Every structure is written in C-alpha cells, then in structure tokens.
Amino acid sequence: MKSWEERLNPVVRDIPPSGIRKFFDLAAEMKGVISLGVGEPDFVTPWRVREACIYSLEKGYTMYTSNQGLKELRDEIARYLNQAFQIRYDPSDEILITVGVSEALDLALRALLAPRDEVLIPEPTYVSYIPCTVLAGGVPVPLPTRMENNFRITAGQVEKAITPHSKVLLLAYPNNPTGAVLPRSELEDIAAVAKAHDLVVISDEIYAQLTYEGEHVSIARLPGMRDRTIVLQGFSKAFAMTGWRLGYAAGHNAFIGAMTKIHQYTMLCASITAQMAALEALRNGLKEMRQMVGQYNHRRRLVMNAFKEMNLPCSEPGGAFYAFPLIEDTGLSSEDFCERLLFEEKVAVVPGTAFGPSGKGFIRCSYAASVSNLVEALKRMTGFVKRVRLKKKVSRPIPVGQEAVPYKG
Ligand code: PLP
C-alpha cells in the first residue's frame, strides 16, 4: 500500500505551510500574549451590518443566490467602485462575488494560467500569492522590493523580468506586509510596461480604503488598463468582516465569465447571509468604515513613533495596517527575534522571511490591535530591543545587506 506522501499530488505535497502559521500556533498555546501577528481588525463588524444579517435570517433569506452573487449587491458594488475609485463596471456581467478575496485570487489565477505561464510578484509578498500561483500551474517570478525605495515595485524591475512566458503582474497596493502604496505616476509607468508586453494585471486592492495620505489610485483607472486588469476587493479589512468571507472581482466580462465558470462548479455562490450583510455595509456602513480607518491611522503614528524611539528603521506605511521595521542591527535573525520576543515578552509578530527572502532582517507588526494592547506590546518590545542590543553590544542601525558591526567604544 502506498503511503500518503506517495499518494498526494506532488505539487501540493511540496508546498510549505504558511510561515505565519507557526507563530499563530505558538502564540495560541501561551497565556497573556499580545498579538501583533494577525492581519485582522480588532473591531467587531459594525452593529448595523450584523443587524441587517439577523433581519435577513428572520425574513428567511437562506437560499443559494445566483452564481455571480445577489444582483442588488453587484449593483451596490458597481456604484461604490465608481464613487470611491472612479472605476466603472457593469454589474450584470463584470462583477463576481466570491468567498473572500482569497477565492477571487484563486479563480483569477486558475482562469488565466496555462502550464509555465509566469506571474510577476513584487516581494515581500502576501503569503498566498506564490502557493496559489503554483497550485494553478503557473510559475511565480518574485521581484524583490527594497526599503530604500519604500518597498515600491518599479516599472524598470517589471520590464527587466519579462520573458516570453510572462503573463500576469500581480500587484497588491496598499501592500501586505510592507504597507507600501503606489502613487499614480509610478502606476502609470508600470501600466505602460503592462501594455507594451501585453500583461494581465491582477490588482489586489483589499486595503484600498486604508490609504492614509492622498487617494488610492486603481491601476484599472489608468488609460487602456481597465480591460487588462482584474480588480480584487472585499469586505474583510475595511469593514472588519474577516469571518464573513466575502470579496469580489471586477473586470472584463470575458474574464469574469471564465472565473464564474470555476466558481459555479466549485463554490456555487458566496453565502447569502454574508451578502445581505455586505449590502448594508455598502449602503449605510461607510461612516463606520471611515471611523475605523481614522483609528488605524492614529495607531500607525503610535507604532512609527515607537520604532523611531527604538531606533529601528521603518519605511513609512502609506496604507493597510502593517509596519515592516528592520531589526537587523539587534544581531538576531527575523525568526530568532520573533521567537524570543514571543517567549521572553509574550508579544507575537511575524518574521519578514514569511513573506519571501527579501523580508530577511525585517519583522511584520500589525497595528490592527487596540491602542492599549499596542502601547503595552511596544513597551515590551522596546525593553526587549534594548536588552538584546546591550548583550550584542551593537550600537547603531546597520544599512540593509551589511553584517552587524560590534560596538568598539
Ligand atoms: N489579499 C491580501 C493582500 C491580504 O492581506 C488578505 C488577507 O490578509 C487577503 C487577500 C485575503 O482576504 P479575504 O479575507 O477577503 O480572503
């Protein structure tokens, strides 16, 4: 009899589990841990949204919806995308409601990729992009970004990575894990490369509403980009609805049609209860959403000030709710830093290497935690960093890529 190792699809067998998981599991077993590890709002979904969901159940909304999702919700999404981001889609065949952005991402990749097609992925990268690309039969091509450039991908980097197999550029701005945003001028340069090389852009804009300075510009809004871009958006982050599992994709009807085919055979539809709640979120929940974004902005300042005081270099996160400081000068690797911080101070953060090799020397801290938890966690981290530095006798931040220099004073 064959072992399960032998029976499993080798592609699945060889995919490593998420690097974030290990720290969640460790932290979950310990008491008194403050977690800055998860990318999840600490807010409960606004009451009006929960109430709408309860009413929908009372009224008997318990059936399947159409594969594409409730027409009222697609109408509302189309209106919202137009008003908030000036991108226009026809709700009848250009919007698909999915089980989180996670499903939309998987559908987009599976609908597009044939074996050996390459997907260009800025790195550090959200943990799902590379595994989902591999599972869809594609070849991930990581494009390392650097703190010196605020973790922004450049048009030049994209152009340089183009091969005859390049098919997709997967953008995620505002970014998880770095908080990087892409201003319009840089998006325009990237769009020019995408057009010149006939790339499809999958634009994961799940953090679009969490943009703290200036406006979020969707690449789909730029001239000639709408029909080669698939925009992914959802309710998890901006509306504090992670557990509802609701997202959507918007794009050219031929592409949405292909995604809908896979969705129809694998998922049928997203939960009607979550869709009824999302309808309320878009119709009447924007004020609460903006209040939450204001809170994240306040916490962002708190975290950035604390890193400044700790003398940890950190690129200003323009969006999302993550900070990605460089901890290299403590003399600890990203993994050792996180493990020791967890065991010695009971604070959970994620090693930068969980997001790819270019995350080496960094950690990811989510500031979607309550202010009191943030303040306490940062106090503990400050003490830890001081202690580790003293022990290692390292006196000052070291530029990226250089070894720690022992203090000789
Ligand atoms: N895309 C990015 C960049 C994320 O950070 C996350 C979750 O952390 C997701 C997608 C998944 O979102 P959802 O909860 O809608 O599946």
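**Note on the predicted model: pocket, helix H9 and a sheet**

1. The largest pocket is lined by 27 residues, and those nearest its centre are Gly39, Ser102, Tyr126, Asn176 and Lys237. (A pocket is an open set of points on a 1 Å grid over the protein atoms alone where a 1.4 Å probe fits, with protein on both sides within 12 Å along at least five of seven lines; lining residues have an atom within 4 Å of a point.) Helix H3 (19–29) and helix H6 (100–112) are the elements that each give two or more residues to this lining, and H6 supplies the largest share, four residues.

2. This is a predicted model, in which local features need pLDDT of at least 70 and side-chain atom pairs count only at pLDDT 80 or more, while totals for chains, interfaces and linings use all residues. Residues are numbered from 1 along each chain as its sequence is written, and side-chain values use heavy atoms, without hydrogens and water.

3. In helix H9 (helices are DSSP runs of H or I, at least four residues; strands are runs of E, at least two; both are numbered from the N terminus), Leu187, Ile190, Ala191, Val193 and Ala194 are buried, that is, under 20% relative accessible area with a 1.4 Å probe, protein chains only. Seen down the axis of H9, the buried residues fall within an arc of 160 degrees, so they line one face of the helix; the arc is taken from the directions from the helix axis to the C-beta atoms.

4. Just after H9, aspartate 198 takes a positive phi of about 50 degrees.

5. An open sheet of three strands has the order E9-E12-E11, with antiparallel pairing; strands pair if DSSP finds at least two bridges between them. Alanine 323 has cysteine 365 of E12 as its bridge partner.

Notes: Buried means under 20% relative accessible area, exposed over 50%, partly exposed in between (1.4 Å probe, protein chains only).
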